[in-house]
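Q: Hey, got a minute to walk me through this one? I'm new to it and would like to start with the basics.

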2 protein chains.
Amino acid sequence: MSTIVSVDTRDIRFPTSLELDGSDAMNPDPDYSAAYVAIRTDAEDGLEGHAFVFTIGRGNDVQVAALDTLRGHLVGRNVEELLADMGAASRLLMHDSQLRWLGPEKGVMHMAIGAIVNALWDLRAKRAGQPLWLHLSTLSPEELVSVVDFRYLSDALTPEQALEILRAAEPTRQERIAHLLEAGYPAYTTTPGWLGYSDEKLDRLCREAVADGFPQIKLKVGANLDDDIRRLGIARAAVGPDFPIAIDSNQRWDVADAIAWVNELAGFDLAWIEEPTSPDDILGHAAIARGVAPVRVATGEHVQNRIVFKQLLQAEGMQVMQIDATRVGGVNENIANLLLAAKFGVPVCPHAGGVGLCEAVQHLSFFDYVAVSADMDGRMIEFVDHLHEHFVTPTVMERGRYLVPSAPGAGTEMLPASIDEYTWQGTTAAASVTTATASV
Amino acid sequence: MSTIVSVDTRDIRFPTSLELDGSDAMNPDPDYSAAYVAIRTDAEDGLEGHAFVFTIGRGNDVQVAALDTLRGHLVGRNVEELLADMGAASRLLMHDSQLRWLGPEKGVMHMAIGAIVNALWDLRAKRAGQPLWLHLSTLSPEELVSVVDFRYLSDALTPEQALEILRAAEPTRQERIAHLLEAGYPAYTTTPGWLGYSDEKLDRLCREAVADGFPQIKLKVGANLDDDIRRLGIARAAVGPDFPIAIDSNQRWDVADAIAWVNELAGFDLAWIEEPTSPDDILGHAAIARGVAPVRVATGEHVQNRIVFKQLLQAEGMQVMQIDATRVGGVNENIANLLLAAKFGVPVCPHAGGVGLCEAVQHLSFFDYVAVSADMDGRMIEFVDHLHEHFVTPTVMERGRYLVPSAPGAGTEMLPASIDEYTWQGTTAAASVTTATASV
């Protein structure tokens, strides 16, 4: 029997804005950051649960404060009891009525709870000696259903329907585990497509992406239509006629603008348009999907919870679901999202990049393939080759495919040296912007 | 010319859970709290801008941290420039791309920005020597439109349409100002209806509400159907057959449950069903509205921003809009909400109660009557007779009507003695719950 003895947090920021990596139409100068948490116990195994919320700089301190305020719910608790019922562990935090007022189930407080849930899953997978994807893939349909909060979902997905989906995939799990271990899982790359890059760099990186074996690239769009047409021309010439190119406007448009703009670009044969408008605008997504068909609408990296995903599916506003590992209430809520996608027959192509998002979200796609959708067709995980070196078990990419990790845990543990080096002291690029603003 | 010299914050919590005031189906033990902010300048007038985010206890510290992180955007800025263009002042915070990542436009960070915007309006109204409602009611349609962020609204409301609405009301503003000064504005009371109260207390408070002149009462429901039927019977007997009774389930139900439960209660002649399900579930609200008609659906106290309000109107999921003064991006976003309601012909009956919400939100209803909807019919502001004594200009209620305040400002300034007495030191009821949890 062991007890949680500490919940340690760190404000970690990488000064990525200095290189314009990650620049898009809405986020010109992100400093990729992590509000980081480590759960420590008094068990003799010395195992710890690590996780984080990804942010892009300023406000990472607020996200850390939200993690700090959850400490009192955890320290002193029995670890085995918590880990044995991960549904109850999530509800302990998610159903705290006073904390719920700060959302409900959205924004800073929701993401903090999600990180705690993810840290507990990291600890649980380490104790099981399994990578998280495999650990989840060995749970019974009943246990998987028990971790999902079905509140507000029952008009679209009931526990019984979720069980049906999981039971249908159960007999053939081992075949897909074997296939994953052998072949990995497809990735697509956003590396060529940042708005801040020159045409020459765009052209070179597009060619490299094809040479590296990626099956799809993605370009940021939405700042200037003429630029988008020129850049898509360069990209299409670089990758050839039949190679999939997705575009991403990062919520730049209103509904009518989105439809008009995408239709101007549709001649470039687009794989999908991502985040055409506000992630809150379900009816807007539905109108855009109708207006740009057959181009598919993809969204999800900013979708706040399962309730919005449910409606995007009900309204046919989203043809590709892009879950994010640290936006929602952790692994539990993402299992709900995967089940919703399976119910509606929509492929899941997770959002990744940032810092640590590739490491974290890959486990969910592998699990989706093994135990939920049981399908790899048309599915791929975003990949950006950036900041992986700071993780204990960095992603491994080979010929455009994620190789599946075998190390125990959720992939969310950062190297101690990186944690120390990038702990924010008010001196990174992120801080200098705030300081400059304050001194006006 | 003057400069912002400090942005001071406080974590203020009232131990209301000890009395079960404010208890409902989702919030059994709230500790009404305020993440409080005061903006101070070096001007000789000594005027300050005060505002707060209302929370119900735990997590108020996180909300304060969000206010703290905005300090750097404000200290050192020219006050006159900020106050002269409140649209730009809001965008300065709302469009900070790094902070936006934490929402976008929802939850802790959004509410913090809203409080800063409200504090600036408080300061601006004080400088103008006017109560906020009157100050807003003297602005030109063009200036009012300039403070609204129309991003993501244009498929439902354009700046031109907003101008039309405001211009239609402009010639007769003075008549309505005179009427307000003479007759005040209708209130309804939730005081009788908290779930934690005994049947005897419910009966007595219902009779008192009628005697006090309130035109409507509201009961909390949703924990137990038999209890709801019994309590509605007591209330209906106490107030008589034609007196409006609204009910509020505080997000307790899924869609099918909401329809079935409300239809069980419909025989009590309900004024509206409030928050039947998740505030995020636009399609769910629409289904419920169809399923419980002619009972109207009311919602808004947890609606995160104008984009969700827009859709609730588009989908006909909300027949009564309940704006909240501290949930969204401040006065600016609430002007957008009022304009949306006017465009769709839906009455606005604000959420209030808590601590300071009556003081704050009344200004928006008065302004709505004078300059936006130009209508008082079917509109009323929630009232709970609780914690008003902590404010510099507490609400004044007479025969069930809010009397309009004449003191300059937004009504959001707390008394210094109350601020000091209730600044959280980890010793209120809220804290004791956290401590109990931690020591398990």
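**Sheets, interface and odd spots**

A: Sure. In chain A, three strands make an open sheet in the order 1-2-3, with antiparallel pairing. Keep in mind that this is a predicted model.

Q: Which strands of chain A are at the edges?
A: Strand 1 (4-13) and strand 3 (48-55) of chain A, each of which pairs on one side only.

Q: And how much twist is there from one strand to the next?
A: The average is 15°.

Q: How many bridges join strand 1 to strand 2 in chain A?
A: Nine, and the two strands run antiparallel; strand 2 of chain A covers residues 33-41. If you want one pair to look for, A:Thr9 has A:Val37 in strand 2 as its bridge partner.

Q: OK, helices now. What does helix 1 of chain A lie across?
A: Helix 1 (residues 60-69) of chain A lies across strand 1, strand 2 and strand 3 of chain A, and runs at about 175° to strand 1. Helix 6 (residues 107-128) of chain A also lies across strand 1, strand 2 and strand 3 of chain A. For helix 6, the angle to strand 3 of chain A is about 145°.

Q: Switching to chain B. How are its three strands ordered in the sheet?
A: The order is 1-2-3 in an open, antiparallel sheet of chain B. The edge strands there are strand 1 (4-13) and strand 3 (48-55) of chain B, each pairing on one side only. The twist in this sheet averages 15° from one strand to the next.

Q: How many bridges are there between strand 2 and strand 3 of chain B?
A: Eight, in the antiparallel sense, with strand 2 of chain B spanning residues 33-41. B:Tyr36, for instance, has B:Phe52 in strand 3 of chain B as its bridge partner. Helix 1 (residues 60-69) of chain B packs on that sheet and touches strand 1, strand 2 and strand 3 of chain B. The direction of helix 1 makes about 175° with that of strand 1 of chain B.

Q: How many residues does each chain give to the contact?
A: Chain A gives 72 residues and chain B gives 72 residues.

Q: What area is buried between chain A and chain B?
A: About 5900 Å², with carbon and sulfur atoms giving 53% of that. On the chain A side, A:Arg58, A:Gln98 and A:Trp101 lose the most area to chain B, together 15% of what that side buries.

Q: How many salt bridges cross the interface of chain A and chain B?
A: Six. One to look up is B:Arg58 with A:Asp96, where the closest N and O atoms are 2.8 Å apart. There are also 41 residue pairs in polar contact across the interface of chain A and chain B, counting pairs with both residues at pLDDT 80 or more.

Q: Which elements on the chain A side give two or more residues?
A: Among them are strand 3, helix 2 (71-74), helix 5 (97-100), helix 14 (282-292), helix 15 (306-314) and helix 19 (429-438) of chain A. Helix 1 of chain A gives the most, with six residues. By class, the side of chain A that touches chain B has 30 nonpolar, 25 polar and 17 charged residues.

Q: Last topic, the backbone. Where is there a cis peptide bond in chain A?
A: One joins A:Ala293 and A:Pro294, with omega about 10°. A:Pro294 is in the loop between helix 14 and strand 8 (297-299) of chain A. In chain B, a cis peptide bond joins B:Gly103 and B:Pro104, and omega is about -10°. B:Pro104 sits in the loop between helix 5 (97-100) and helix 6 (107-128) of chain B.

Q: And what is phi of A:Asn250?
A: Near 50°, which is a positive value in a residue other than glycine. You'll find A:Asn250 in the loop between strand 6 (245-248) and helix 13 (255-265) of chain A.

Notes:
Residues are numbered from 1 along each chain as its sequence is written. Chains are lettered from A and ligands numbered from 1 in the order in which they are written. This is a predicted model: local features need pLDDT of at least 70, side-chain atom pairs count only at pLDDT 80 or more; totals for chains, interfaces and linings use all residues. Side-chain values use heavy atoms; hydrogens and water are left out. Two strands pair if DSSP finds at least two bridges between them. Helices (H or I, at least four residues) and strands (E, at least two) are DSSP runs, numbered from the N terminus. Axes are lines fitted to C-alpha atoms, for helices over the stretch in contact, and angles run from 0 to 180 degrees between N-to-C directions. Contact means heavy atoms within 4.5 Å. Buried area is the accessible area (1.4 Å probe) that two parts lose on being put together, summed over both. A salt bridge is a side-chain nitrogen of Lys or Arg within 4 Å of a carboxyl oxygen of Asp or Glu. A polar contact is a pair of N or O atoms within 3.5 Å; within protein, one must be able to donate a hydrogen and the other to accept it, and residues adjacent in sequence count only if both atoms are side-chain atoms. Ala, Val, Leu, Ile, Met, Phe, Trp, Tyr, Cys and Pro count as nonpolar, Asp, Glu, Lys and Arg as charged, and the others, Gly among them, as polar.
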